[in-house]
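Student: Could you walk me through one part of this model up close? I'd like to hear about a patch on the surface.

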Amino acid sequence: MPDAERERQRRALETKNERHMWWWLAYFLFGIHIVAFVMIYAVLHAK
């Protein structure tokens, strides 16, 4: 396999992995906010 082709495949895989990382980060941050809002609600409505 030529070096140029190998480099192109490596870059394509790296781009895919980077996209997955950004999606994971977005879901993670969204989840943290949901948990925080639920906890704030629970504290404010505790008796």
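Tutor: Sure, take the nonpolar surface patch formed by Trp24, Phe28, Leu29 and Ile32, which together have about 420 Å² of accessible area. That area comes from the Shrake-Rupley method with a 1.4 Å probe, and for residues only the protein chains shown count as cover. To be in a patch, a residue needs over 30% relative accessible area and no salt bridge (a side-chain nitrogen of Lys or Arg within 4 Å of a carboxyl oxygen of Asp or Glu); like charges are joined within 9 Å, and nonpolar side chains (Val, Leu, Ile, Met, Phe, Trp, Tyr) within 5 Å. Keep in mind that this is a predicted model, where local features need pLDDT of at least 70 and side-chain atom pairs count only at pLDDT 80 or more, while totals for chains, interfaces and linings use all residues. Residues are numbered from 1 along each chain as its sequence is written, and side-chain values use heavy atoms, with hydrogens and water left out.

Leucine 29 sits in helix α1, residues 3-44 (helices are DSSP runs of H or I, at least four residues, numbered from the N terminus). Leucine 29 is partly exposed at 41% relative accessible area (buried is under 20%, exposed over 50%, partly exposed in between; 1.4 Å probe, protein chains only). Phenylalanine 28 is partly exposed too, at 41%, whereas tryptophan 24 counts as exposed at 58%.

Now for the rings. The whole structure has 2 aromatic pairs (ring centres within 6.5 Å, using the six-membered ring of Trp; planes under 30 degrees apart are stacked, over 60 edge-to-face, the rest tilted). Tryptophan 24 and phenylalanine 28 have ring centres 5.3 Å apart and planes at 5°, so they are stacked. Both lie in helix α1, 4 residues apart, about one turn of the helix.

How values were computed. Helix = DSSP H or I, 4+ residues; strand = E, 2+ residues; numbered from the N terminus.
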